[in-house]
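Okay, thanks for making time, everyone. Let me put the model up on the screen, and then I'll walk through it.

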Amino acid sequence: MNNQKQQKPTLSGQRFKTRKRDEKERFDPTQFQDCIIQGLTETGTDLEAVAKFLDASGAKLDYRRYAETLFDILVAGGMLAPGGTLADDMMRTDVCVFAAQEDLETMQAFAQVFNKLIRRYKYLEKGFEDEVKKLLLFLKGFSESERNKLAMLTGVLLANGTLNASILNSLYNENLVKEGVSAAFAVKLFKSWINEKDINAVAASLRKVSMDNRLMELFPANKQSVEHFTKYFTEAGLKELSEYVRNQQTIGARKELQKELQEQMSRGDPFKDLTLLLKIQEYCYDNIHFMKAFQKIVVLFYKAEVLSEEPILKWYKDAHMAKGKSVFLEQMKKFVEWLKNAEEESESEAEEGD
């Protein structure tokens, strides 16, 4: 018996190892761009045909690797350089958002193209959000018309759930805010968003990403007031958004006042004399949307027996601060007169009893 191991047959020839670097070299953004642009040129402006072309091309082209290039082309017509400009030596197409008609109906049709593409290739979702964040940072590099189209498109995509409201963080970029680009863009965006959904749905989306209390940051620090926000957006035709922000600020200020009072009471700090009244006066003055509510707050505390007649009358006579003095005194006039009459009647009854 032959105990020697039988030698296994081997293939002759030289083996080649494929390095990852070599694999990457097979793909490059320029080649990918050329394929997409050529296909879009052949489909023309028929967006149904564009959607079908993009759907079929995903099986042949590497969308995962070149998501940014793909979305650059669909929005701007070609690959974008830093700052938002198109490279002169690159191919470009007019089958894109920036070259389309500047109206909501056209942007709704383009939104359907993006929506179908991302539903078909779910892995593009994150890349698309990153792309929109980048485009928002590039707003200064686009023309006013291009910004308007992008704003309308973004509003529609936010409404149908293709985009998450967290992408709006890019609008708080200091330079965009300072030059008024963010606020102007937000007008077009919210108009298209509210056109698709109502203000309650928009508010719910903003709350999910803790953006509901940050809208005033669309303006520079010296203009971050409810009054300025309300005036700007109401004049732009977004009264419902203005009222929403005003209500948010009122609720926020009310919670802050309640918190301060609760903390003071939990510490056992007594509200001696005018401490509470002066605190309320200062707070209502500093939060201008509370100016008209001063008298209501005082009456509320009086009915709850937190405040008595004596400090209220003393405050009205000579112990008030200068802040908002004329407004608050006028508000309190009738209530103070009622307190005085009630006090006189009480004294009269006491004397008759004696």
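**A loop residue to begin with**

Let's start with Leu307, which is buried, with a relative accessible area of 6%. Before I go on, a word of caution: what you're looking at is a predicted model.

So where does Leu307 sit? It's in the loop between α14 (294-303) and α15. Leaving out residues up to four places away in sequence, Leu307 touches Leu276, Leu277, Val298, Phe301, Tyr302 and Ile312. Take Leu276 from that list: Leu307 and Leu276 are 31 residues apart in sequence, yet 8.1 Å apart in space, C-alpha to C-alpha. And Leu307 counts as buried because its 6% falls under the 20% cut-off.

**Zooming out**

Now the whole chain. We have 16 helices and 0 strands. There are 354 residues, and 41% of them count as buried. If you take contacts between residues at least 6 apart in sequence, 67% join residues at least 24 apart.

**The cores**

As a bit of background, in soluble globular proteins, nonpolar side chains tend to be buried together. Here, the largest nonpolar core has 79 residues. Which residues have the most contacts inside this core? Those are Phe190 and Trp193. The largest share of the core, 9 residues, comes from helix α9, residues 181-196.

Have a look at Trp193 while we're there. Setting aside its neighbours within four places in sequence, Trp193 is in contact with Gly155, Leu158, Ala159, Ala165, Leu168, Val202, Ser205 and Leu206. Apart from that core lies another, of 24 residues, and among its members are Phe290, Tyr302, Ile312 and Val336. You've heard two of those names already: Tyr302 and Ile312 are among the residues that Leu307 touches.

**A helix pair**

On to packing. Two packed helices are described by the angle between their axes and the distance between the axes. For helix α2 (residues 29-43) and helix α3 (residues 47-57), the angle is about 145° and the axes are 9 Å apart. The crossing of α2 past α3 is right-handed.

Who is actually in that contact? From α2 we get Cys35, Ile36, Gly39, Leu40 and Thr43, and they meet Ala49, Val50 and Phe53 in α3. Sorted by type, the residues of this contact are 6 nonpolar, 2 polar and no charged.

**Salt bridges**

Now for the charges. Side chains of opposite charge can pair when their charged atoms come close. In this model the count comes to 12 salt bridges, and I'll show you three.

Number one joins the side chains of Asp72 and Lys134, at 2.8 Å, N to O. The pair links distant parts of the chain, with Asp72 in helix α4 (residues 67-76) and Lys134 in helix α6, 62 residues apart. Buried or exposed, this pair? Both Asp72 and Lys134 are buried. There's a network here too: Glu68, Asp72, Glu131 and Lys134 are linked by salt bridges.

Number two is Glu235 with Lys231, whose side chains meet at 3.0 Å, N to O. This one stays inside helix α11 (residues 226-235), where the two residues are 4 apart, about one turn of the helix. What about exposure? Glu235 has 60% relative accessibility and counts as exposed, and Lys231 counts as exposed at 53%. The reasoning is that the cut-off for exposed is over 50%.

Number three is Lys323 with Glu282, where the closest N and O atoms are 3.5 Å apart. Lys323 lies in the loop between α15 (309-319) and α16 (325-353), and Glu282 in helix α13 (residues 275-286), so this bridge ties together parts that are 41 residues apart in sequence. Lys323 is partly exposed at 31% relative accessibility, and Glu282 is partly exposed with a relative accessible area of 31%.

**One more loop**

Last stop, Tyr123. Which elements flank it? Tyr123 is in the loop between α5 (104-120) and α6 (124-137). Tyr123 is partly exposed, with a relative accessible area of 31%. Not counting residues up to four places away in sequence, Tyr123 touches Tyr63 and Arg64. With Arg64, the separation is 59 residues in sequence and 7.0 Å in space, C-alpha to C-alpha.

That's my tour, so over to you for discussion.

Notes. Residues numbered from 1 in each chain as written. Predicted model: local features only at pLDDT ≥ 70, side-chain atom pairs only at ≥ 80, totals over all residues. Heavy atoms only, no water. Buried < 20%, exposed > 50% of the residue type's maximum accessible area, 1.4 Å probe, protein only. Contact = heavy atoms within 4.5 Å. Salt bridge = Lys/Arg side-chain N within 4 Å of Asp/Glu carboxyl O. Axes fitted to C-alpha atoms, helices over the stretch in contact; angles between N-to-C directions. Left-handed = near helix turned anticlockwise from the far one by under 90°. Nonpolar A, V, L, I, M, F, W, Y, C, P; charged D, E, K, R; others polar. Core = buried A, V, L, I, M, F, W, Y, C linked by side-chain atoms within 4.5 Å.
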